[in-house]
Amino acid sequence: MTQPIIRIDRLEKSFGSLKVLDGLSFDVMPGEKLALIGPSGSGKTTILRILMTLETITGGHVEVCGEQLFHMRRNGAERPADEAHLHHMRRHIGMVFQHFNLFPHKCVLDNITLAPILTKGEPRAAAERRAMDLLEMVGLADKARAMPSQLSGGQKQRVAIARALALQPRIMLFDEITSALDPELVEEVLLVMKRLAAETDMTMLLVTHEMGFAHEFADRVLFFDRGRIVEQGPPDQIFTRPTHERTQSFLRKIIAAGHRV
Amino acid sequence: MTQPIIRIDRLEKSFGSLKVLDGLSFDVMPGEKLALIGPSGSGKTTILRILMTLETITGGHVEVCGEQLFHMRRNGAERPADEAHLHHMRRHIGMVFQHFNLFPHKCVLDNITLAPILTKGEPRAAAERRAMDLLEMVGLADKARAMPSQLSGGQKQRVAIARALALQPRIMLFDEITSALDPELVEEVLLVMKRLAAETDMTMLLVTHEMGFAHEFADRVLFFDRGRIVEQGPPDQIFTRPTHERTQSFLRKIIAAGHRV
Amino acid sequence: MTDWSGYLTLIAGGALMTAQLTLYGSALALVAAFAAGLARLSRFFAVRALATVYIEFFRGTSIFVQLFWVYFVLPFAGITLSPLAAGVLALGLNVGAYGAEVVRGAVLSVPKDQVEATVALNLTRFQRMRHVILPQALPLMLPTFGNNAIELLKATAVVSLISLPDMTFQAQVVRAQTGNTLLPFVTILVLYYAMAMAIGGGVRLLERRATRGLDGVR
Amino acid sequence: DTLDSLREQGFARIAIANEPPFTAVAADGTVSGAAPDVAREVFKRLGVPEVVASISEYGAMIPGLQARRHDAITAGLFMKPERCQAVAYSEPILCDAEAFLLPKGNPKGFRSYADIAADPWATIGAPGGGTEEKLALEAGVPRNRVIVVPDGQSGLKMLQDGRIDVYSLPVLSISDLMAKAADPNLEMLAPVQGAPVYCDGAAFRKQDTALRDAFDVELAKMKESGEFAKLIEPYGFSAEAAKSTSRAALCGE
Amino acid sequence: MEWDWAFVAEIMPVLLQGLQLTLLITLLSAGVAAGLGLVFAIARRSPRAWIARPVGLFVSFIRGTPLLVQLYFIFYVLPDAGIRLPPLVAGVLGMGLHYATYAAEVYRAGIENVPRGQWEAARATNLTAAQTWRHVIVPQAIPPMIPALANYLIAMFKETPLLSAITVLELMNQAKSVANSSYRYVEPMTLVGVLFLAMSLVSVVLLRWLEHRYGRLAK
Ligand SMILES: Nc1ncnc2c1ncn2[C@@H]1O[C@H](COP(=O)(O)OP(=O)(O)OP(=O)(O)O)[C@@H](O)[C@H]1O
Ligand SMILES: Nc1ncnc2c1ncn2[C@@H]1O[C@H](COP(=O)(O)OP(=O)(O)OP(=O)(O)O)[C@@H](O)[C@H]1O
Ligand SMILES: [Mg+2]
Ligand SMILES: [Mg+2]
């Protein structure tokens, strides 16, 4: 029987006195496509940032690919992970940000090849060949030598996706990757995402307010509120027959604001 | 027979090579309430700013209260107005801005009394008494000592109206005074405006996208496009039986965007 | 052995001179900064040009050279200033030139909206500046003015080279009389630092007062 | 004229150098030293009750005098013909020969300025604009080996630290420094071979000859009465030396 | 006193020689300031308080006290501790140290100017700390710093005359030396002023160009 690729166990996270996650637990199976939805401030971004080790945790455990993320065993005792351990764990995970965060001083190709060359010691030629394949996949093969400042938002985000994929992580995290885009540019990014979901067996966690897309994309939808899972299930169930009052009112508001479901 | 209080005669205004107003002419009678409507970039703001002497003109003539605004007679010859002449003419005109432009370092009362004390040499006590009356009128008597940063947008705009009125100008200019406000705050400002229109015989020029309000407020509506008057007439005629294709399509779009007519 | 108390009095006297120079110099710098900074925004070309020449000249040459020039060359043009006046003049005009750019920048950074509001209220140019623009620009200038005052304090040490008995000069005297170098220099370094801290603290206090009521605006 | 205006304001501004025993500043800030003491007494007799002293580099004294920063220089600024061109000297006041301050035993055997010029590595310290700097340059020491030292204490320190090989000042100044330093690793060579005995005088602006002449009259009276000797001999200067020569001789007139 | 052109011609070569040394000192000091400033900037960012605090205090102390006194200290006091530096070296170190504290501020602003998202992207692509600095942060932080650093370079140039106090024969000291032996201050001092002004005006043009080319750090 396959093991979960991510195990979140009684996870706690506070910012100062503000408790954002309070004893959260859930598992993700390899290859699963998860959509995280919920009102603003419910902690969705925080979960992804914790998985990417951009935040530390204040309690509980996170296991990724069978190993603890924030803890390590030394001489039989459990100790906080050091930078070397985090570095080792981050191999498994990639992330795409809301604001792309491309390196503005490097061209598109270099943005994509930088990490493979530096962290995996790939030869430049091989790295560039794969980068070109990825650019092909996101439809930007002709922009390899462009600088990020010369790209539209949608193009930037597609480069950012290619950059994350170049490291061939087993888990990909996407945090509202279309919400900083002009409406007419959203479609081109979602198209790439759909292709990606269909073609790979990567595990994917996606935070989004595009309910229609979440519906199509996800195997399972988690609805969050105040750092807790209120309701979860297959998209059909969550979007059409939500049982919880909170979920219902959230979806109502989203629809009123003009987002497609 | 009464003379027009404003006479605009073949007015021209260019920004660099961009001709914004091209031979515009119209008159305004004393006490008239005028609404200026039209698509973005059609030159509505520019007209108000010219009347307030915030812009210079590049051709034509503007007459206010029987005197040339941008020209003066010296030794029989017409010459460009100097600062002293402009200062003299500005007595007649007041303006309320889209972004309020309150003085952030002065309390509400001082915002209102500053100009009467400085430009008309009114005694402070008298100026403050009138300021309190005006604050009463706009419903903010209890905020006299508040700082602008402590007010909501709607309150700020009402203070700005009181500030302009304190100088008792014969002509008041309003430039989209509700478009920077949250929807729930628009009403309180419009209420003040309606009271004002009903109670005074000031001449008023109003630029707005609130068609319903323009309808109620104005004696006459001018529809602008590309720096020209396309159509003008009483609100009933313009809003319900526009003759020009441009006016019709403009009103259609506005209604579609959710603005009341 | 050496009677240190006497020499301490000497250094204290020097500290007083340094404080005086800093105070008068800063006052002059403030006046020069506003005069030149506002002049650079003038409508009149001649006024702008004059201010630009002043600013570029004093920022372009060394304070050291300016001081020697005021002290040794100006008298030949018939202008003989006391050493204190010469020091204050050179320091004040030098730092004032830097301050002028601060004034200009702060005035320009007041939103254009504010100027337009004053036009609509028919204030005169002077009233606009006095009642609306400067009160809003001032809090922006204060932190940099504080730094400039500290730079001026540090620059006062240079006047010791034209024989003005400031703190550095008196430390040299003490050194010549006692043959001890460490003590006088450490003493004045600490005193300079204390003065710099005092200026920094004072300016922060002023800043807090100037921005009172402006919260939420910046 | 100048004397009248000095009488009126009640003080004369003098330039000094803080180089004991010629000029000195005490712990309480009062000015002493042989040159200011003499100047103070003469001015008193001329009806100018006070002198106000400001410390200055030797090189800055004559420009300062010309720039009207001082009314007189009383600092041990020795008379030399070219200086006599620039200022109006009184009759001689303080006379002294030149000396070297050297490391103990004079390891390089310097006896004259020419010896220093001859050693390509030797550096000599001297006050900027002072007689010693001139002498060294005239003897052929290149500019970059004549280190301009701001004051006596700095010179002493630089010699102790090995930054210069020789420090040159008048004999009495070196003696004073040696006494204060009490450093057994130093010694004095006096007089320097080939260097003449110099005398200073009070220096006035060229156009103030009337003031200078008045000064001379009172100075001569004091030399006559022995008060002059009483003032300068405690500092180690010889009154006889000053009396036995004249401005005319020293200025080469 | 009359302006004497013959005298000007006579002293010009000496002054130009001084100017040469002045430029050399400026460049050397700038090198020291740039390097040491980086050390300060990084030390002050250190998470270890026992490094960050004392360095912070030291930097603040150096910034709050006059360069002239620091030069005296280095030149006359340090030899007692067995550190005997030649005048030029003492001057370059003193000035470099003083301006390193300014450079450190520029570095700090430059580093803080790099958006947080860049650090996070570097982390998400699993770069090490050293790789992040080398390939992501520094290349982005440097260009906007250039105008500010150039500004301090000019300031440093103008402060070189202070080195005359510790017997360095730079431009100002050459001029004083000339004045001392000729008893004329008008020409040498005026010429020094003119030379400084000329150099500064050139550098102002250069600075404008740099600001245009690399942008400016927000204050
Ligand atoms: N660095 C931080 N410091 C303090 N509080 C933080 C920080 N980051 C997030 N928070 C708080 O944590 C809570 C959860 O934030 P999070 O960004 O995870 O919400 P979210 O579900 O992603 O919301 P949104 O849909 O608006 O992006 C919020 O209340 C937020 O203010
Ligand atoms: N200062 C300026 N410099 C250059 N062009 C300007 C300036 N001010 C206005 N314009 C141009 O003049 C034209 C008319 O502008 P104006 O602001 O008067 O339009 P408007 O009718 O008020 O539009 P809106 O409804 O968007 O406020 C526009 O094309 C605008 O870009
Ligand atoms: Mg979020
Ligand atoms: Mg407009």
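Colleague: Which polar side-chain atom distance links B:Lys44 with an oxygen atom of ligand 2?

Modeller: In this predicted model, the distance between a polar side-chain atom of B:Lys44 and an oxygen atom of ligand 2 is 2.9 Å.

Colleague: And how far are the side chains of B:Thr45 and B:Thr46 from an oxygen atom of ligand 2?

Modeller: For B:Thr45, an N or O atom of the side chain is 2.6 Å from an oxygen atom of the ligand. For B:Thr46, a polar side-chain atom lies 2.5 Å from an oxygen atom of ligand 2.

Colleague: How much of the accessible area of ligand 2 does the protein cover?

Modeller: On its own, ligand 2 has 630 Å² of accessible area, and the protein covers 59% of it.

Colleague: Which elements give two or more residues to that shell?

Modeller: They are strand S2 (18-28) and helix H1 (44-51) of chain B. H1(B) gives the most, with three residues.

Colleague: Which residues come nearest to ligand 2?

Modeller: There are 13 residues around ligand 2, and B:Ser40, B:Gly41, B:Lys44, B:Thr45 and B:Thr46 come nearest. By type, the shell holds four nonpolar, seven polar and two charged residues.

Colleague: Let us turn to ligand 1. Which residues come nearest there?

Modeller: Around ligand 1 there are 13 residues, of which A:Ser40, A:Gly41, A:Lys44, A:Thr45 and A:Thr46 come nearest. The shell of ligand 1 divides into four nonpolar, seven polar and two charged residues.

Colleague: What lies 3.2 Å from an oxygen atom of ligand 1?

Modeller: That is a backbone N or O atom of A:Ser42. Side chains also take part: a polar atom of A:Lys44 lies 2.9 Å from an oxygen atom of ligand 1, and an N or O atom in the side chain of A:Glu176 is 3.3 Å from an oxygen atom of the ligand.

Colleague: How much of ligand 1 does the protein bury?

Modeller: The protein buries 61% of the 640 Å² that ligand 1 exposes when taken alone. Strand S2 (18-28) and helix H1 (44-51) of chain A are the elements that give two or more residues to the shell. H1(A) provides the largest share, three residues.

Colleague: New topic: strand S3 of chain A. How many of its residues are buried?

Modeller: Five of the five residues in S3(A), residues 33-37, are buried.

Colleague: Which way do they point?

Modeller: A:Lys33, A:Ala35 and A:Ile37 point one way from the strand, whereas A:Leu34 and A:Leu36 point the other way. In a regular strand, side chains alternate between the two faces of the sheet.

Colleague: Which strands are joined to S3(A) by bridges?

Modeller: Four bridges join S3(A) to strand S10 (residues 203-207), and the two run parallel. In S10(A), A:Met204 is the bridge partner of A:Lys33. Strand S11 (residues 220-225) of chain A also runs parallel to S3(A) and is joined to it by four bridges. There, A:Leu36 has A:Leu222 as its bridge partner.

Colleague: Lastly, chain E. Which residues does UniProt list as "transmembrane region"?

Modeller: The unreviewed UniProt entry lists residues 20-43, 55-78 and 189-210 of chain E.

Colleague: How much of residues 20-43 is helix or strand in the model?

Modeller: Residues 20-43 of chain E are 100% helix and 0% strand, with end C-alpha atoms 35 Å apart.

Colleague: And what about residues 55-78?

Modeller: That span of chain E is 88% helix and 0% strand, and its end C-alpha atoms are 20 Å apart.

Technical notes: Residues are numbered from 1 along each chain as its sequence is written. Chains are lettered from A and ligands numbered from 1 in the order in which they are written. This is a predicted model: local features need pLDDT of at least 70, side-chain atom pairs count only at pLDDT 80 or more; totals for chains, interfaces and linings use all residues. Side-chain values use heavy atoms; hydrogens and water are left out. A residue is near a molecule or strand if one of its heavy atoms lies within 4 Å of it. A polar contact is a pair of N or O atoms within 3.5 Å; within protein, one must be able to donate a hydrogen and the other to accept it, and residues adjacent in sequence count only if both atoms are side-chain atoms. Accessible areas come from the Shrake-Rupley method with a 1.4 Å probe; for residues, only the protein chains shown count as cover. Ala, Val, Leu, Ile, Met, Phe, Trp, Tyr, Cys and Pro count as nonpolar, Asp, Glu, Lys and Arg as charged, and the others, Gly among them, as polar. UniProt positions are given in the numbering used here, feature names are shortened, and annotations may be inferred rather than shown by experiment. Buried means under 20% relative accessible area, exposed over 50%, partly exposed in between (1.4 Å probe, protein chains only). Two strands pair if DSSP finds at least two bridges between them.
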